[in-house]
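Visitor: I would like to learn how to read this structure, feature by feature. Could you walk me through it?

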Amino acid sequence: MSASETPTGEFPPEAGPGHVVVVGAGIAGLAAAHRLLEGGARVTVLEASDRVGGKLLPGEIAGVRVDLGAESMLARRPEAVGLARAAGLAGRLQPPSTASASLWTRGALRPMPKGHVMGVPGTAAALSGVLSEEGLARIERDAELPRTEVGDDVAVGEYVAARLGREVVDRLVEPLLGGVYAGDAYRISLRSAVPQLFEAARTHTSLTEAVRALQGRTATSPPSGPVFMGIEGGIGTLPPAVADSVRARGGEIVTRAPVTELRRTASDGWRIVAGDRVLHADAVVVAVPAGPAAGLLRAEAPAAAAELSAVEYASMALITLAYRRSEAAALPEGSGFLVPPVDGHTIKASTFASRKWGWIADEDPDLVVLRASVGRYGDTEILGRDDAGLVAVSRHDLAEATGLTAEPVATRVTRWQDGLPQYPVGHHARVARVREHVAKLPGLAVCGAAYDGVGIPASIASAYAAADQIRGDLRGVEQLTAHPVQSLHGGAGE
């Protein structure tokens with residue numbers, strides 16, 4: 001037993017947790033390390049790749065800095081913005097210059113509707129212009145239908161289609177959820193993906209009534225400030241800044257150090273093998289995706305590993321294109337557009353990055369930068385194409401949607417293999433079981449996008465809860481298990 005550990009294996013909040021190894025230097029692992037250092041721990045972060053940041057990746061195109069991964073973070077939760085400020089980025093936080101997105105559906109770019117919760121409207125009128133007359137009429141029938149029991153969980157698409165018709169799902173819910181999870185709305189868990197709507201649906205007879213109740217609560221105490229936030233230079237600059245802060249506080253970050261073994265020791269500590277390094281720690285935070293986490297936990301927590309092995313992921317690719325501004329006059333106004341799969345196009349979204357982020361436009365006023373994304377759960381054909389093929393299909397769809405036919409001056413393709421965990425029906429119960437099994441091993445915690453939400457604030461909240469768990473404070477874990485963090489779409493092409 002380590003000097004700071006109690007006989008039960010828990011570290012009291014007033015005591016430092018000793019030496020903690022964090023496996024993974026994505027934003028969750030870095031946030032956990034930051035939190036642990038604040039609590040007095042000695043921290044070592046081990047990262048298999050040659051860089052920190054995971055799915056947050058800074059890059060450049062035609063000399064302009066851009067994001068090659070996620071490009072915005074939800075600002076209505078405190079975790080991501082707070083961590084950015086703690087890492088010295090307060091002066092570089094910027095809201096989008098425009099949040100006026102569109103839907104490319106039924107042969108035209110149509111303004112993104114207002115008055116909905118993740119695509120679910122409070123009234124039929126909210127989707128006027130996007131749905132057909134038949135689709136709007138079907139929404140009106142919701143008030144006449146008997147109550148639909150959602151039970152312990154239900155698929156978003158299945159439930160919404162039963163109440164409001166498939167057109168609502170196919171034309172609006174699907175593209176919005178697809179931008180967050182690259183998933184299938186008819187598989188995605190309502191409880192995990194849209195928890196506020198799940199709770200409202202349990203207490204209201206009709207779905208539109210539930211949405212109006214949520215909207216009413218928001219109207220009585222409207223949140224202040226922007227919904228989303230970016231960072232000058234890109235969201236991808238957040239992980240290196242947090243890493244610098246971790247090092248400044250005495251933490252060690254080791255890259256190119258894949259962990260191959262995680263075992264308990266006779267003294268109730270942990271033995272971690274990473275390449276030719278063997279480390280001994282009082283506690284471990286596993287902050288890697290579900291598959292690698294399952295591999296690490298298989299020896300000591302086989303039941304948790306089995307649950308994590310069942311978590312599926314979707315792959316995607318981002319195609320970044322730079323054009324001369326003089327040749328991009330056809331580009332419509334706004335921040336970009338989403339694409340419902342039902343319309344049969346290849347790209348699922350596009351962001352007009354130079355319009356959305358003022359700092360991109362300022363870096364080269366003569367350049368226009370766009371992003372397009374491809375790839376959904378189960379769609380492997382498109383990602384099998386080479387980079388030139390992905391650029392070609394993106395240009396084809398962009399030309400059809402916007403009229404932009406100019407030749408780009410530069411292109412970049414960034415592939416995210418197994419980039420987004422899927423949250424099918426029952427995901428919340430799986431997460432609870434994983435944590436139940438992990439809790440049987442003192443000094444062990446897990447965190448990341450596979451658990452309580454895929455967005456940046458959700459990953460950071462998960463990391464903070466894991467760090468607090470190591471110190472014996474389970475409140476964060478209990479809160480997240482009961483109430484996952486909704487991950488909203490950060491505009492077109494998030």
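Visitor: Let's begin with polar contacts. Which backbone oxygen lies 2.7 Å from a polar atom of the side chain of Thr402?

Guide: Happy to start there, and please keep in mind that this is a predicted model. A polar contact is a pair of N or O atoms within 3.5 Å. Here the partner is the backbone oxygen of Leu398, at 2.7 Å from a polar atom of the Thr402 side chain. The side chain of Thr402 also reaches the backbone nitrogen of Leu404, at 3.2 Å. Thr402 itself belongs to helix α14, which covers residues 387-402.

Visitor: Is Thr402 buried or exposed?

Guide: Buried means under 20% relative accessible area. Thr402 has a relative accessible area of 10%, so Thr402 is buried. Leaving out residues up to four places away in sequence, Thr402 touches Leu109, Ala330, Leu331, Pro332, Phe337 and Phe352. Keep Phe337 in mind, as we will come back to that residue.

Visitor: Now the strands. How many residues of strand β7 are buried?

Guide: Strand β7 spans residues 101-105, and five of its five residues are buried, making the strand mostly covered. Look at the side-chain directions too: Ala101, Leu103 and Thr105 point one way, Ser102 and Trp104 point the other way, and all are buried.

Visitor: Which strands does β7 pair with, and in what sense?

Guide: With strand β18 (residues 336-338), β7 pairs in the parallel sense over three bridges. With strand β8 (residues 108-111), β7 runs antiparallel, joined by four bridges. Ser102 is a handy residue for following both pairings: its bridge partner in β18 is Phe337, and its bridge partner in β8 is Pro111.

Visitor: What connects β7 and β8?

Guide: The two strands form a hairpin with two residues between them. In that turn, Arg106 has a positive phi of about 55 degrees. You can read another hairpin in the same manner: β14 (residues 270-274) and β15 (residues 277-281) pair in the antiparallel sense over five bridges. Trp270 stands opposite Ala281 in β15. Two residues lie between β14 and β15, and Gly275 in the turn has a positive phi of about 65 degrees.

Visitor: Let's turn to aromatic rings. How many aromatic pairs are there?

Guide: A pair of aromatic rings is described by the distance of the centres and the angle of the planes. Rings of Phe, Tyr and Trp pair if their centres lie within 6.5 Å. By this rule there are three aromatic pairs. One of them is Trp104 with Phe337, at 5.9 Å centre to centre with 80 degrees between the planes, an edge-to-face arrangement. This pair links distant parts of the chain, with Trp104 in β7 and Phe337 in β18, 233 residues apart. Both residues are buried: Trp104 has a relative accessible area of 3%, and Phe337 has 0%.

Visitor: Why is the pair of Tyr181 and Tyr423 called tilted?

Guide: Their ring centres are 5.5 Å apart and their planes stand at 50 degrees, so the pair is tilted. Tyr181 lies in helix α5 (residues 166-181) and Tyr423 in the loop between β21 (410-421) and α15 (427-438), so the pair ties together parts that are 242 residues apart in sequence. Tyr181 counts as buried at 1% relative accessibility, and Tyr423 is buried with a relative accessible area of 1%.

Visitor: Which residues form an aromatic cluster?

Guide: Trp104, Phe337 and Phe352 form one cluster. Two of its members, Phe337 and Phe352, are among the residues that Thr402 touches.

Visitor: What about helices? Which residues of helix α10 are buried?

Guide: Helix α10 covers residues 290-297, and its buried residues are Ala290, Ala293, Ala294, Leu296 and Leu297. They cover an arc of only 165 degrees around the axis, which puts them on the same side of α10.

Visitor: And a loop residue, to finish: where is Ser206?

Guide: Ser206 sits in the loop between α7 (195-203) and α8 (207-220). Ser206 is buried, with a relative accessible area of 7%. Its side chain makes a polar contact with the side chain of Asp142 at 3.4 Å. Leaving aside neighbours within four places in sequence, Ser206 is in contact with Asp142, Ala143 and Arg163.

Notes
Residues numbered from 1 in each chain as written. Predicted model: local features only at pLDDT ≥ 70, side-chain atom pairs only at ≥ 80, totals over all residues. Heavy atoms only, no water. Buried < 20%, exposed > 50% of the residue type's maximum accessible area, 1.4 Å probe, protein only. Pairing = 2+ DSSP bridges. Arc of directions from axis to C-beta. Polar contact = N/O pair within 3.5 Å; in protein donor to acceptor, adjacent residues only side chain to side chain. Contact = heavy atoms within 4.5 Å. Phe/Tyr/Trp six-rings, centres within 6.5 Å; stacked < 30°, edge-to-face > 60°.
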